[in-house]
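Welcome! Here is a friendly first tour for anyone who has not met this structure before. Please keep the sequence and the 3D view open as you read.

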Amino acid sequence: MDYNAAFEAAISQVREEGRYRVFANLKRHRGQFPCATWIKDDGSEQDVTVWCSNDYLGQGQNPVVLDAMHEAIDAVGSGSGGTRNISGTTWYHNALEAELADLHGKEAALVFTSGYVANEATLTTLYKILPGLIIFSDELNHASMIAGIRNGRGDRHVYRHNDLDHLESLLRAAPANAPKLIAFESVYSMDGDIADIRATVALAKKYNALTYIDEVHAVGMYGARGAGVAERDGIMGDIDIVEGTLGKAFGMMGGYIAGNANIIDAVRLWASGFIFTTSLPPAVMAGAAASVRWLKDHNEKRDKHQERAKTLMARFKAVGIPVLPSVSHIVPVLVGNAKHCKMISDILLNDYGVYVQPINYPTVPKGTERLRFTPSPDHTDEMMDHLVEAMDKLWTHCNVARLPGVA
């Protein structure tokens, strides 16, 4: 077999579909978020404004966070020393987990190396701990949740997105004495819609099921202290397992789960994705704890963030840019064609200094390709003026469909 030809063919297929990704070489500058420098292939540089960062609140630039990281490096050095089971648990890991448990009002928390690993490892492990478990999963759940459920090799049912009638029909048909778990997200990051958490919890109680909520696109940004949509909606106490990330609104890296002490301890003891991987460095843990702690007390940051998202959405709609019906901080603009999506993204970067990556299959279904904007509290009115003007021109230049009633 010609192995190299097989790899070339795989790459060519992605190119032909217009999905080939080129990573922009960006250099961020401390204190200047969301501005950055794009280093081109020829070595030249161009100033750009980043419009697609998941560092939603700019916490990666917060002096409180950076100072905590510097202090940790000066105090204990760089790496963690190994897996948590052998030599990689430090005071910083324990302190962060206590901070996260407090954030969610839970007895305990457990930190993983990423949000993907937290989902995959936990959901797979729950099948081991609960023999005969049936997981009911929203069809638009993140790839990490899908991977965890598949790797658990147990019974599973996928319900239509946010369709609680469909979910209940599946729950009703399942054996009454079987252990059950409903896995869903709060904010769905590609469409920007939000689950009905209260009604989902009510179904879980009715059918004696556990609840597992992924709040990665909500922690730090919703609720009085930033614990997520479940906190905002006053339902956090009824959620069994909360999964979150440190890599988005908290401006760091890593993922975690929070719940009662027995759940967390059981996952700690059984999850291969936790047991057999080197833990994150103390400086990362220190920065994450500082970020979580700071955001608990700074609701004004969340208020500003919501205002910026609503403003950008309204500005786009005013000129006919087809924004999907998001009810969150995500501002997704439908293009509907992979090649057009990449073309618009490339022109925005090259001609206007606007950095926004195209979102194509497999992240979203073919035919729903989009640009996903994530305005932050630090995006100014002037930045929005420039972006909206550029998008308005490009929608005409590229002959992309506008909203009805707008020329």
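The notes below go through the cores, two helix pairs, some single residues and a few backbone details.

This is a predicted model. Its largest nonpolar core has 61 residues, and apart from that core lies another one, of 34 residues. Two pairs of packed helices are worth a visit as well: helix 12 with helix 14, and helix 4 with helix 5.

**The nonpolar cores**

- In soluble globular proteins, nonpolar side chains tend to be buried together.
- Within the largest core, the residues with the most contacts are Phe 184, Ile 197 and Leu 246.
- Helix 11, which covers residues 282-296, contributes the most to this core, with nine residues.
- The other core, of 34 residues, includes Cys 341, Leu 387, Met 391 and Cys 398.
- Leu 246 is a good residue to click on: beyond its neighbours within four places in sequence, Leu 246 contacts Leu 96, Leu 100, Val 111, Ala 288 and Val 292, among others.
- The contacts of Leu 246 also include the run Gly 251, Met 252, Met 253, Gly 254, Gly 255 and Tyr 256.

**Helix 12 with helix 14**

- Two packed helices are described by the angle between their axes and the distance between the axes.
- Helix 12 (residues 299-318) packs against helix 14 (residues 381-397) at an angle of about 30°, and their axes are 10 Å apart.
- Angles under 35 degrees count as roughly parallel, so helix 12 and helix 14 are roughly parallel to each other.
- Their crossing is right-handed.
- From helix 12, the contact uses Arg 308, Thr 311, Leu 312, Arg 315 and Phe 316.
- From helix 14, the contact uses Asp 381, Met 384, Asp 385, Leu 387, Val 388 and Met 391.
- By type, the residues of this contact are six nonpolar, one polar and four charged.

**Ala 390, a buried residue of helix 14**

- Ala 390 sits in helix 14.
- Buried means under 20% relative accessible area, so Ala 390 counts as buried at 1% relative accessibility.
- Setting aside neighbours within four places in sequence, Ala 390 is in contact with Leu 348 and Tyr 352.
- For a sense of scale, the C-alpha atoms of Ala 390 and Ile 149 are separated by 42 Å, and these two residues are 241 residues apart along the chain.

**Helix 4 with helix 5**

- The axes of helix 4 (residues 115-129) and helix 5 (residues 143-152) come within 7 Å and cross at roughly 25°.
- That angle makes helix 4 roughly parallel to helix 5.
- The crossing of helix 4 and helix 5 is right-handed.
- On the helix 4 side, Tyr 116, Asn 119, Glu 120, Leu 123, Thr 124 and Tyr 127 take part.
- Their partners in helix 5 include Ala 143, Met 145, Ile 149 and Asn 151.
- The residues of this contact divide into seven nonpolar, six polar and one charged.
- Which residues of helix 5 are buried? They are Ser 144, Met 145, Ala 147, Gly 148, Ile 149 and Gly 152.
- Covering those buried residues are, among others, helix 4, strand 5 (134-138), strand 6 (155-159), strand 7 (180-185) and strand 8 (209-214).
- Helix 5 is followed by Arg 153, which has a positive phi near 60°.

**Thr 113, in the loop leading to helix 4**

- Thr 113 lies in the loop between strand 4 (108-112) and helix 4.
- Its relative accessibility is 19%, and Thr 113 therefore counts as buried.
- Outside the residues up to four places away in sequence, Thr 113 touches Met 253, Gly 254, Gly 255, Thr 277, Thr 278 and Leu 280.

**Backbone details**

- The peptide bond from Phe 33 to Pro 34 is cis, with omega near 10°, and Pro 34 lies in the loop between strand 1 (26-28) and strand 2 (35-39).
- Tyr 361 and Pro 362 are also joined by a cis peptide bond, with omega about 10°; Pro 362 is in the loop between strand 13 (358-359) and strand 14 (370-373).
- Asn 162 is not a glycine, yet has a positive phi of about 55°.
- Asn 162 is in the loop between strand 6 and helix 6 (164-173) and is partly exposed, with a relative accessible area of 28%.
- Asn 399 has a positive phi of about 55° and is not a glycine either.
- Asn 399 belongs to the segment after helix 14, and at 69% relative accessibility Asn 399 counts as exposed.

Key: Residues are numbered from 1 along each chain as its sequence is written. This is a predicted model: local features need pLDDT of at least 70, side-chain atom pairs count only at pLDDT 80 or more; totals for chains, interfaces and linings use all residues. Side-chain values use heavy atoms; hydrogens and water are left out. A nonpolar core is a set of buried Ala, Val, Leu, Ile, Met, Phe, Trp, Tyr and Cys residues joined through side-chain atoms within 4.5 Å. Buried means under 20% relative accessible area, exposed over 50%, partly exposed in between (1.4 Å probe, protein chains only). Helices (H or I, at least four residues) and strands (E, at least two) are DSSP runs, numbered from the N terminus. Contact means heavy atoms within 4.5 Å. Axes are lines fitted to C-alpha atoms, for helices over the stretch in contact, and angles run from 0 to 180 degrees between N-to-C directions. Angles under 35 degrees count as roughly parallel, over 145 as roughly antiparallel, 65 to 115 as roughly perpendicular and the rest as oblique. A crossing is left-handed if the near helix is turned anticlockwise from the far one by less than a right angle, and right-handed if clockwise. Ala, Val, Leu, Ile, Met, Phe, Trp, Tyr, Cys and Pro count as nonpolar, Asp, Glu, Lys and Arg as charged, and the others, Gly among them, as polar.
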